[in-house]
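Notebook open, structure on screen. I'm jotting down what I look up as I go, starting with how the strands pair.

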Amino acid sequence: MFQPMDTAPKDGTEVLLLLEHQFAQYAAPNDDRWIAEVRAHWIDFNGGGWTWHGMSGNPIAWRF
């Protein structure tokens with residue numbers, strides 16, 4: 001079950017992020033091409049942030 005981003009671990013633990021691409025707002029309902037799950041982890045470099053490989057997007061939820 002996905003959880004809110006404010007509860008995601010920021011200690012380097014690998015998690016699954018649910019990403020939403022910026023173009024999702026223009027997609028038809030039920031068009032899931034603009035949402036993806038990616039393996040990611042938090043890094044403290046340059047003020048901190050999430051890092052992953054794959055689709056560009058904004059993290060909207062996470063799970064283990």
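**Strand pairing.** I began with strand 1 and strand 2, which run antiparallel and are joined by six bridges. I picked out one pair here: E20 has I35 of strand 2 as its bridge partner. A reminder to myself that this is a predicted model.

Next I followed strand 1 to its other partner. Strand 4, residues 58-63, is antiparallel to strand 1, with five bridges between them. On this side I noted that L19 has P59 in strand 4 as its bridge partner.

Then I moved on to strand 3, residues 49-52, which is joined to strand 2 by four bridges, again antiparallel. W42 sits opposite W50 of strand 3.

**Overall layout.** I stepped back and counted elements: four strands and zero helices. Along the sequence that reads β-β-β-β. The C-alpha atoms fill a box of roughly 35 × 25 × 20 Å along the principal axes. I looked up the contacts with a separation of 6 or more, and 57% of them are between residues 24 or more positions apart.

**Burial.** Of the 64 residues, 28% are buried. How buried is strand 1? Five of its six residues are buried, so strand 1 is largely enclosed by the rest of the structure.

I then listed the largest nonpolar core. It has ten residues: M5, A8, V15, L17, L19, V38, A40, W42, W50 and W62. Strand 1 (15-20) and strand 2 (35-43) are the elements that give two or more residues to this core.

V15 caught my eye in that list, and I pulled up its contacts. Which residues does V15 touch beyond its neighbours within four places in sequence? I found P9, V38, R39, A40, W50, W62, R63 and F64.

**The segment before strand 1.** I checked two residues here. T13 is in this segment. T13 comes out as partly exposed, because its relative accessibility is 28% and that class covers values between the 20% and 50% cut-offs. Leaving out residues up to four places away in sequence, T13 touches A40, H41 and F64. I also took a distance from T13 to I43: they are 30 residues apart in sequence, and their C-alpha atoms are 9.6 Å apart.

Q3 lies in the segment before strand 1 as well. Its relative accessible area is 34%, so I put Q3 down as partly exposed. Beyond residues up to four places away, Q3 touches A61 and W62. From Q3 to F64 I get 61 residues in sequence and 9.6 Å in space, C-alpha to C-alpha.

**Loop between strand 1 and strand 2.** N30 is in this loop. What is phi for N30? I read a value near 75°, which is positive in a residue other than glycine. N30 has a relative accessible area of 80%, so it goes down as exposed.

D32 is in the loop between strand 1 and strand 2 too. At 57% relative accessible area, D32 counts as exposed. I took one distance from it: D32 and L16 are 16 residues apart in sequence, with 17 Å between their C-alpha atoms.

**Hairpin of strand 2 and strand 3.** Where is N46? I placed it in the loop between strand 2 and strand 3. This hairpin has five residues between the strands, and N46 takes a positive phi near 55° there. N46 is not a glycine, and I noted that next to the phi value. Its relative accessible area is 69%, so N46 is exposed.

**Surface and charge.** Last lookups of the day. I get an accessible surface of about 4,700 Å² for the protein, with 51% of it on carbon and sulfur atoms. The protein has 4 positive and 8 negative charges, and the mean positions of the two sets are 3 Å apart.

**Recap for tomorrow.** I want to come back to V15, which is in the ten-residue core and in contact with W50 and W62, among others. I also want another look at the two asparagines with positive phi, N30 near 75° and N46 at about 55°.

Definitions and conventions. Residues numbered from 1 in each chain as written. Predicted model: local features only at pLDDT ≥ 70, side-chain atom pairs only at ≥ 80, totals over all residues. Heavy atoms only, no water. Core = buried A, V, L, I, M, F, W, Y, C linked by side-chain atoms within 4.5 Å. Buried < 20%, exposed > 50% of the residue type's maximum accessible area, 1.4 Å probe, protein only. Contact = heavy atoms within 4.5 Å. Pairing = 2+ DSSP bridges. Areas by Shrake-Rupley, 256 points an atom, 1.4 Å probe, with all protein chains shown as cover. Lys, Arg positive; Asp, Glu negative; His and termini not counted. Charge placed at Lys NZ, Arg CZ, Asp CG, Glu CD.
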